[in-house]
Amino acid sequence: MLKIANLSKSFGTHKVIKNVSLTVGSEIRVVLGLNGCGKSTMLKIVAGILASDNGKILIDKRDVTALPPEDRHVGYVPQQASLFKHLSVRENIRYCLRNGRGAEADIDQLVEMLKIENVLDKKPEALSGGFQSRVSLARTLASQPHVMLMDEPLSDLDLAIKEKLIPEFRKVLKKLGIPVLYVTHDLSEAQLLGDRFSCMIEGVLSDADSAEKAFGLIRESISDYDLHGPAQHQLRN
Amino acid sequence: MDGSLMNKIMNKDLITILFTPLLFLLIIYPIVALLTNLEVPGVRETLMDGLFWDSVKNTLLAALVAASLCVILSIGFGYCHLFMRNSLLYKAANLMNDLPIALPHTVAGLALLLAFGRTNFGFAGPTGLAFTMIAVVLAMFFVSYPLAARAVASGVDQMDLESIAVARTLGDTPTKAFLRIALPALREALFSGFVLSFARSLSEFAAVIMFGGNVPGSTQVLASYVFTKVEEGEVAMAVTASGFCIFLSLILVVLVGQGRRRRA
Ligand SMILES: Nc1ncnc2c1ncn2[C@@H]1O[C@H](COP(=O)(O)OP(=O)(O)OP(=O)(O)O)[C@@H](O)[C@H]1O
Ligand SMILES: [Mg+2]
């Protein structure tokens with residue numbers, strides 16, 4: 001279980017995360033939010049890549065707030081696959097083994113489930129975007145994380161590829177039965193993937209009963225301010 | 001100037017018209033002037049001068065060692081640039097990369113002399129480290145290191161930081177992530193840092209002469225050989241040695257160009 005309590009973060013005078021609290025059980029929690037609302041910042045704080053100003057993070061009742069990323073046992077899947085370019089796909093996926101994490105047998109199973117058997121000996125640059133996403137997910141899952149943090153890992157993909165990948169990703173993630181915190185700005189992605197939903201509006205997180213409700217809240221917030229700003233374009237997608 | 005002529009000039013790319021003669025006068029002409037002064041007896045005399053070859057050997061050897069040291073230290077700077085941006089150590093290191101720009105290299109040489117000379121390093125020999133090949137290397141290193149450090153820093157700036165973040169969540173300490181992920185990504189930056197600092201070291205004169213001295217056959221480098229020959233009135237020999245320096249730089253330029261093309 002992942003528990004976030006009263007998290008805040010500012011960059012200079014810019015308050016990006018405002019007193020965020022959230023509990024994620026063994027489920028896929030999707031956080032919907034517009035560009036720049038603080039989604040990535042929140043995930044990076046949970047992963048330990050950024051430090052928060054305030055608040056606590058508990059993973060399976062263990063307070064990890066002060067721990068560096070390597071001691072948190074969280075899985076982080078960034079927006080761009082960010083594979084290790086100088087390593088083959090196989091070496092990418094087996095990376096965690098170097099640190100004594102994960103198990104060979106599990107990795108073989110992951111490779112099969114994510115259908116990447118045939119690209120194992122390729123270099124990441126030789127892969128299509130869809131396969132890079134598969135490998136990125138496999139690399140992270142291989143380390144048997146206690147929590148998954150996913151930062152729009154599919155947002156750079158073509159719609160058709162995305163539609164194919166989402167159910168597969170969901171199946172793999174559900175099988176593990178760990179908390180998954182998945183952020184996106186895409187409503188259909190949220191609908192297809194999520195068990196429970198939240199929306200983030202300018203650093204404030206609130207629960208919603210459904211993806212549509214979360215999206216509705218975001219839509220309402222937007223009509224208050226600049227309708228002609230870049231956010232408008234985002235909403236139409 | 002009548003209007004139509006003015007128009008003609010403006011149409012014919014004014015900037016090129018200004019740039020071309022200045023390039024030739026200020027940059028190409030001096031090189032040509034040097035090379036046209038090459039003459040056979042001077043070349044022969046120089047090539048038979050053992051001290052000339054000693055200075056070539058000293059230059060290449062010291063520059064090689066200095067550039068290697070530069071790369072090793074700049075790897076450390078790269079680590080600070082990546083993981084310790086807010087630390088005092090990083091800020092001090094960063095300042096030391098910029099400070100030497102405006103510093104006369106005689107000042108660098110004097111600083112090294114006072115630091116590693118007889119007073120503080122008397123145990124290492126009658127003159128401390130001064131006037132030895134170690135001094136030549138240290139002088140070259142001191143003035144070249146900022147170039148390597150900056151090359152590595154700009155390499156770090158272009159790096160995919162998310163891949164480092166992922167490596168950390170997969171269990172890497174900062175050191176492991178740096179060695180396994182960052183360093184391979186910095187290969188090109190390290191190479192260009194090496195070439196830049198090697199080139200800078202080859203050309204160093206002031207700091208080398210202050211701290212390493214100009215002992216023919218012992219600590220004399222090409223730059224100081226040229227200086228000595230001019231002082232002695234052996235201009236033909238100075239010109240030959242200078243031609244050799246141009247030849248060396250040219251090789252370096254070609255090598256770098258080839259490396260760049262291979263990587264592209
Ligand atoms: N290192 C940083 N320094 C200063 N400001 C930052 C930094 N990182 C993010 N920000 C700012 O914080 C705000 C939230 O950024 P964040 O990346 O968390 O948004 P996001 O919701 O992930 O947006 P996107 O959908 O574009 O990925 C933005 O206004 C951004 O400019
Ligand atoms: Mg983001």
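The numbered points below concern the domains, interfaces and one surface patch of a predicted model.

1. Domain division of chain A. The assignment gives two domains: domain 1 takes residues 1-73 + 146-237, and domain 2 takes residues 74-144. Domain 1 of chain A is thus written as two segments, with domain 2 of chain A falling between them in sequence. The centres of the two domains, taken over C-alpha atoms, are separated by 23 Å. Their contact draws on 29 residues of domain 1 of chain A and 21 residues of domain 2 of chain A.

2. Area between the domains of chain A. The size of an interface is often expressed as the accessible area lost when the parts come together. For domain 1 and domain 2 of chain A, this buried area is about 2,100 Å², with 60% of it on carbon and sulfur atoms.

3. Polar links between the domains of chain A. The interface of domain 1 of chain A and domain 2 of chain A has 11 residue pairs in polar contact, both residues of each pair being at pLDDT 80 or more. On the side of domain 1 of chain A that touches domain 2 of chain A, at least two residues each come from helix 1 (39-47), strand 7 (147-151) and helix 5 (159-176) of chain A. Helix 5 of chain A provides the largest share of that side, with 9 residues. In addition, 2 salt bridges are found across the interface of these two domains.

4. The pair Glu168(A) and Arg134(A). These residues form a salt bridge in which the closest N and O atoms are 2.8 Å apart. Over all chains, the structure holds 20 salt bridges. Because Glu168(A) lies in helix 5 of chain A and Arg134(A) in helix 4 (residues 129-141) of chain A, the pair ties together parts that are 34 residues apart in sequence.

5. Domain division of chain B. Here the assignment gives domain 1 as residues 1-36 and domain 2 as residues 42-263. The C-alpha centres of domain 1 of chain B and domain 2 of chain B lie 36 Å apart.

6. A nonpolar patch on chain B. Leu22(B), Phe24(B), Leu25(B), Leu26(B), Ile27(B), Ile28(B), Tyr29(B) and Val32(B) make a nonpolar surface patch of about 800 Å². One of these residues, Leu25(B), is placed in helix 2 (residues 14-36) of chain B.

7. Contact between the chains. In the interface, 17 residues of chain B are in contact with 21 residues of chain A. The two chains bury about 1,700 Å² between them, and carbon and sulfur atoms give 56% of this area. Glu162(B), Thr169(B) and Leu170(B) supply 39% of the area that chain B buries against chain A, more than any other three residues.

8. Polar links between the chains. Between chain B and chain A the count is 2 salt bridges. The side chains of Lys44(A) and Glu162(B) meet in a salt bridge, with an N to O distance of 3.9 Å. Across the same interface there are 9 residue pairs in polar contact, with both residues at pLDDT 80 or more. Helix 9 (161-169) and helix 10 (174-185) of chain B each supply at least two residues of the side that touches chain A. The largest share of that side, 7 residues, comes from helix 9 of chain B.

Notes: Residues numbered from 1 in each chain as written. Chains lettered and ligands numbered in written order. Predicted model: local features only at pLDDT ≥ 70, side-chain atom pairs only at ≥ 80, totals over all residues. Heavy atoms only, no water. Patch = residues over 30% accessible without salt bridge, like charges linked within 9 Å, V, L, I, M, F, W, Y side chains within 5 Å. Areas by Shrake-Rupley, 256 points an atom, 1.4 Å probe, with all protein chains shown as cover. Salt bridge = Lys/Arg side-chain N within 4 Å of Asp/Glu carboxyl O. Helix = DSSP H or I, 4+ residues; strand = E, 2+ residues; numbered from the N terminus. Domains from an automatic or database assignment. Contact = heavy atoms within 4.5 Å. Buried area = accessible area lost by both parts, 1.4 Å probe. Polar contact = N/O pair within 3.5 Å; in protein donor to acceptor, adjacent residues only side chain to side chain.
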